[in-house]
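Here is a friendly walk through one protein model, with an eye for packing, pockets and backbone details. Have the viewer open as you read.

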Amino acid sequence: MYDFDKEINRRNTGSLKWDVPEGELPMWVADMDFETAPAVKQALEKRAAHGVFGYSILPDAWYEAYRNWWSSRHGLQIEKEWLVFCTGVIPALSTAVRKLTTPGEKILIQTPVYNIFFNSIINNGRFVAESPLAYDGDRYTIDWEDLEQKLSDPQVSMMILCNPHNPVGNIWDRKTLERIGELCRKYHVIVFSDEIHCDLTAPGKEYVPFAGVSEICRSISVTAIAPTKAFNIAGLQTAAVMVPDELLRHRMWRALNTDEVAEPNAFAVDATVAAFGEGGEWLDALREYLQENKKTVKEYIQKEIPQIKVGSLDVTYLLWLDCSKITDNTEGLNVYLRKKAGVYLSEGNIFGGNGAGFLRFNTATTRKNILEGLKRLKSGIEGYLSRP
């Protein structure tokens, strides 16, 4: 019913991902090469046909779209008043850093983690407190002793939780999230939970919303949610923060409005309502396609590039490739792969932690591109290893 093998030329369209030299295959930044869900396209076409794009308000349908989706898909009952519109997850995060913490304080992140978290902290005059995830050569887990030690620092005032975790592919379970919440409450730390990848779990797997775990988690958290990652509509700048605690919600509402990132554009509302209201079937088909892509990558690499180990397939379309048997500097490796093999991945060092031994591979593209990217990766690795 849905053709994810359809080739769409994204060059010369102002695409961040595809604004690369001719002949280069970009498999780096986290957006997809697929058209969005038909319902979303139709909603946008209808809105565009109206021809008037003035100031927009948030109708009840926007609130109901989030509430119904999280209730039916994720088992979380959200009250209408908990939701506040924002133009994106990162604008919301940067606002939270600026307005819920004080300059010079520390924000804790669990590395390796989405690299823009570093920017939101450092660019706003705060310091990064890294609690590296423990890695056993196969899976990542939380180093609880280190996490508590870092949280106990009175200068740590916020923790940014990546739930599910990009790039390592962990879906944090309820017990883990509960323990994080208890530690943060103990040390008076606000949790900002980035849950933008939550709808991209592997078929049959489900994530746990941080705010749904316990009263403690609910009372200390700001959760960022959006249809943008799952439905490939990041350019529409539409998201929400969900804040159950009344006082924390008021602070966040005032902060977003002060930063002028709390008003929707003419397309943001209709796209969200269509995605969450009518896009479920498309999303489930997408998840199946992405899982086959990820399996294809893992099987190919195991057979053809055994020096690389493929990480978790549980969530996101971003695969975390352990290249530590090849190099401890994937920044240099990535430059080589782009120049010599024409494949552009994300070097792991930008994610902190032990990321310098990893590459991140975006599988959200056609099967044809996946196979071409793997072929280029293999030839590039062979060339890299055979250098004098």
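Is Phe 358 buried or exposed? In this predicted model, Phe 358 counts as buried because its relative accessibility is 3%, and the limit for that class is under 20%. Phe 358 is found in strand S15, which covers residues 358–362. Leaving out residues up to four places away in sequence, Phe 358 touches Tyr 135, Tyr 140, Trp 320, Leu 321, Asp 322, Cys 323, Thr 330, Ser 346, Glu 347 and Gly 348. If you want a distance to check in the viewer, the C-alpha atoms of Phe 358 and Thr 87 are separated by 31 Å, with the two positions 271 residues apart along the chain.

**Nonpolar cores**

The largest nonpolar core holds 45 residues, and Trp 70, Leu 83, Phe 231 and Leu 286 have the most contacts inside it. At least two residues of this core come from each of helix H1 (38–50), helix H2 (60–74), strand S2 (83–86), helix H8 (228–231), strand S10 (239–242), helix H10 (268–278) and helix H11 (280–304). A second core, separate from that one, has 31 residues, among them Val 84, Val 113, Val 241 and Met 252.

Leu 83 is a good place to zoom in. Setting aside its neighbours within four places in sequence, Leu 83 is in contact with Trp 62, Tyr 63, Tyr 66, Arg 67, Ile 78, Ile 225, Ala 240, Val 241 and Met 242. Val 241, in that contact list, is also one of the residues of the second core.

**Pockets and cavities**

Now for the empty spaces. The table sets out the two largest pockets and the two cavities.

| Space | Volume | Nonpolar | Polar | Charged |
|---|---|---|---|---|
| Largest pocket | about 1100 Å³ | 22 residues | 15 residues | 9 residues |
| Second largest pocket | about 280 Å³ | 3 residues | 5 residues | 8 residues |
| Largest cavity | about 80 Å³ | 6 residues | 3 residues | 4 residues |
| Second largest cavity | about 40 Å³ | 3 residues | 3 residues | 2 residues |

Of the 46 residues that line the largest pocket, Val 29, Ala 30, Tyr 114, Lys 229 and Ala 234 lie nearest its centre. H1, helix H3 (89–100), H8 and strand S14 (346–347) each supply at least two residues of this lining.

The second largest pocket has a lining of 16 residues, with Glu 7, Ile 8, Trp 18, Leu 25 and Asn 369 nearest its centre. Helix H13 (residues 367–385) gives the most to this lining, namely 3 residues.

As for closed spaces, there are 2 cavities of 30 Å³ or more. The largest cavity is lined by 13 residues, and Tyr 135, Asp 138, Tyr 140, Gly 311 and Ser 312 lie nearest its centre. Strand S11 (309–310) and strand S12 (318–322) are the elements that give two or more residues to the lining of the largest cavity. Tyr 135 and Tyr 140, which lie nearest the centre of the largest cavity, are also touched by Phe 358. The second largest cavity is lined by Leu 200, Thr 201, Ala 202, Arg 287, Leu 290, Gln 291, Lys 294 and Thr 316.

**Loops and backbone**

Which residues does Asp 31 touch, not counting those up to four places away in sequence? They are Arg 10, Lys 17, Asn 232, Tyr 317, Asn 362 and Ala 364. Asp 31 sits in the loop between strand S1 (25–26) and H1, and its side chain makes a polar contact of 3.0 Å with the side chain of Arg 10.

Asn 232, one of those partners of Asp 31, is in the loop between H8 and S10. Its phi is positive, near 55 degrees, and Asn 232 counts as partly exposed at 21% relative accessibility. Glu 260, in the loop between helix H9 (246–258) and H10, also has a positive phi, about 60 degrees. With a relative accessible area of 62%, Glu 260 is exposed.

Most residues other than glycine have a negative phi, and most peptide bonds are trans. A cis peptide bond runs from Thr 111 to Pro 112, and Pro 112 lies in the loop between strand S3 (106–109) and helix H4 (116–122). Another cis bond joins Asn 163 and Pro 164, with Pro 164 in the loop between strand S7 (156–162) and helix H6 (174–186).

Asn 163 is also among the residues that Val 208 touches. Val 208 lies in the loop between strand S8 (190–194) and helix H7 (215–219) and is buried, with a relative accessible area of 13%.

Conventions: Residues numbered from 1 in each chain as written. Predicted model: local features only at pLDDT ≥ 70, side-chain atom pairs only at ≥ 80, totals over all residues. Heavy atoms only, no water. Core = buried A, V, L, I, M, F, W, Y, C linked by side-chain atoms within 4.5 Å. Buried < 20%, exposed > 50% of the residue type's maximum accessible area, 1.4 Å probe, protein only. Helix = DSSP H or I, 4+ residues; strand = E, 2+ residues; numbered from the N terminus. Contact = heavy atoms within 4.5 Å. Polar contact = N/O pair within 3.5 Å; in protein donor to acceptor, adjacent residues only side chain to side chain. 1 Å grid on protein atoms, 1.4 Å probe; cavity = no way out; pocket = protein on both sides within 12 Å on 5 of 7 lines; lining within 4 Å. Points joined across faces, edges and corners; volume = space filled by probe spheres on them. Nonpolar A, V, L, I, M, F, W, Y, C, P; charged D, E, K, R; others polar.
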